[in-house]
Amino acid sequence: MTAELRVIQVTRYGCPCCPRTESSRKRALEHVDRCWANPDNRGCKTCEHFEQDPGEPDVGLTGGEWCELGVSLAGKPWLALCPAHTDPDNPFGKPGIDDCPDCITNDKPVPPGPILHCDLWEANR
C-alpha cells in the first residue's frame with residue numbers, strides 16, 4: 001500500500017511593482033511602502049535622474065549607481081565611517097551614537113544605496 005499525497009494550498013502576497021512575494025499580508029504591505037520599484041515612493045529606481053552602470057563582472061569591473069542631480073546615495077554613515085567619530089581634532093571628543101545626526105536617522109543608520117521620498121524625484125520617462 002502506498003500513502004497518498006495531501007494537497008496543500010498556500011497563499012502568498014505579491015508586490016505589484018516587483019517580483020517579491022511574502023507569506024504574510026502585513027509584511028507584503030510593509031514592503032510595498034518601501035519598494036524601490038514603486039513610483040509612489042518617489043525613489044531612485046523610478047526616477048528620471050537615476051543612472052546605473054552594471055560594470056563588467058566578467059573582467060572584474062564593478063558598476064555603480066548615481067544621481068545626475070548630485071543627490072548623494074551614500075546614505076548616513078555608520079560609526080566607523082562617520083567623520084565626527086574618526087576626526088582626531090574634534091574638540092568635543094567623539095559623540096555618542098545617539099547624539100550624532102550623521103549616524104542616526106529615525107533611530108537607525110541609513111545604508112548606502114537608492115533612497116526614497118526624494119524632493120527632486122521626477123517620473124522616469
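**Exercise 1.** Is Lys45 buried, exposed or partly exposed?

Solution. The model is predicted, so local features need pLDDT of at least 70 and side-chain atom pairs count only at pLDDT 80 or more, while totals for chains, interfaces and linings use all residues. Residues are numbered from 1 along each chain as its sequence is written, and side-chain values use heavy atoms, with hydrogens and water left out.

Step 1. The classes are: buried, under 20% relative accessible area; exposed, over 50%; partly exposed, in between (1.4 Å probe, protein chains only).
Step 2. Lys45 has a relative accessible area of 31%, so Lys45 is partly exposed.

**Exercise 2.** Find the salt-bridge partner of Lys45 and place both residues in the chain.

Solution. Step 1. A salt bridge requires a side-chain nitrogen of Lys or Arg within 4 Å of a carboxyl oxygen of Asp or Glu.
Step 2. The partner is Glu65, with the closest N and O atoms 3.2 Å apart.
Step 3. This pair links distant parts of the chain: Glu65 is in strand E4 (residues 61-67), Lys45 is in the loop between H1 and E3, and their positions lie 20 residues apart in the numbering. Helices (H or I, at least four residues) and strands (E, at least two) are DSSP runs, numbered from the N terminus.
Step 4. Glu65 has 30% relative accessibility and therefore counts as partly exposed.

**Exercise 3.** State how many salt bridges there are, then describe those of Glu30 and Glu22.

Solution. Step 1. The count comes to five.
Step 2. Glu30 pairs with Lys26 at 3.8 Å, N to O. The two are four residues apart in helix H1, which means a separation of about one helical turn.
Step 3. Lys26 is exposed at 58%, whereas Glu30 is partly exposed at 37%.
Step 4. Glu22 and Arg27 meet through their side chains at 2.9 Å, N to O. Glu22 is buried at 6% relative accessibility, and Arg27 is partly exposed at 46%.
Step 5. Arg20, Glu22 and Arg27 are linked in a network of salt bridges.

**Exercise 4.** Describe the surroundings of Gly43.

Solution. Step 1. Gly43 sits in the loop between helix H1 (25-34) and strand E3 (50-56).
Step 2. Its relative accessible area is 1%, so Gly43 is buried.
Step 3. Beyond its neighbours within four places in sequence, Gly43 is in contact (heavy atoms within 4.5 Å) with Ile115, Leu116, His117 and Trp121.
Step 4. The C-alpha atoms of Gly43 and Pro114 are separated by 6.9 Å, although the residues are 71 apart along the chain.

**Exercise 5.** Examine the backbone angle phi at Arg42 and His117.

Solution. Step 1. Most residues other than glycine have a negative phi.
Step 2. Arg42 is not a glycine, yet its phi is positive, about 50°. Arg42 lies in the loop between H1 and E3 and is partly exposed at 32%.
Step 3. His117, also not a glycine, has a positive phi of about 60°. His117 is in the segment after helix H2 (83-86) and counts as exposed at 51%.

**Exercise 6.** Determine what surrounds His49.

Solution. Step 1. His49 belongs to the loop between H1 and E3 and is buried, with a relative accessible area of 11%.
Step 2. Its side chain makes a polar contact with the side chain of Glu122 at 3.0 Å. Such a contact is a pair of N or O atoms within 3.5 Å; within protein, one must be able to donate a hydrogen and the other to accept it, and residues adjacent in sequence count only if both atoms are side-chain atoms.
Step 3. Leaving aside neighbours within four places in sequence, His49 is in contact with Trp66, Cys67, Glu68, Leu69, Leu120 and Glu122.
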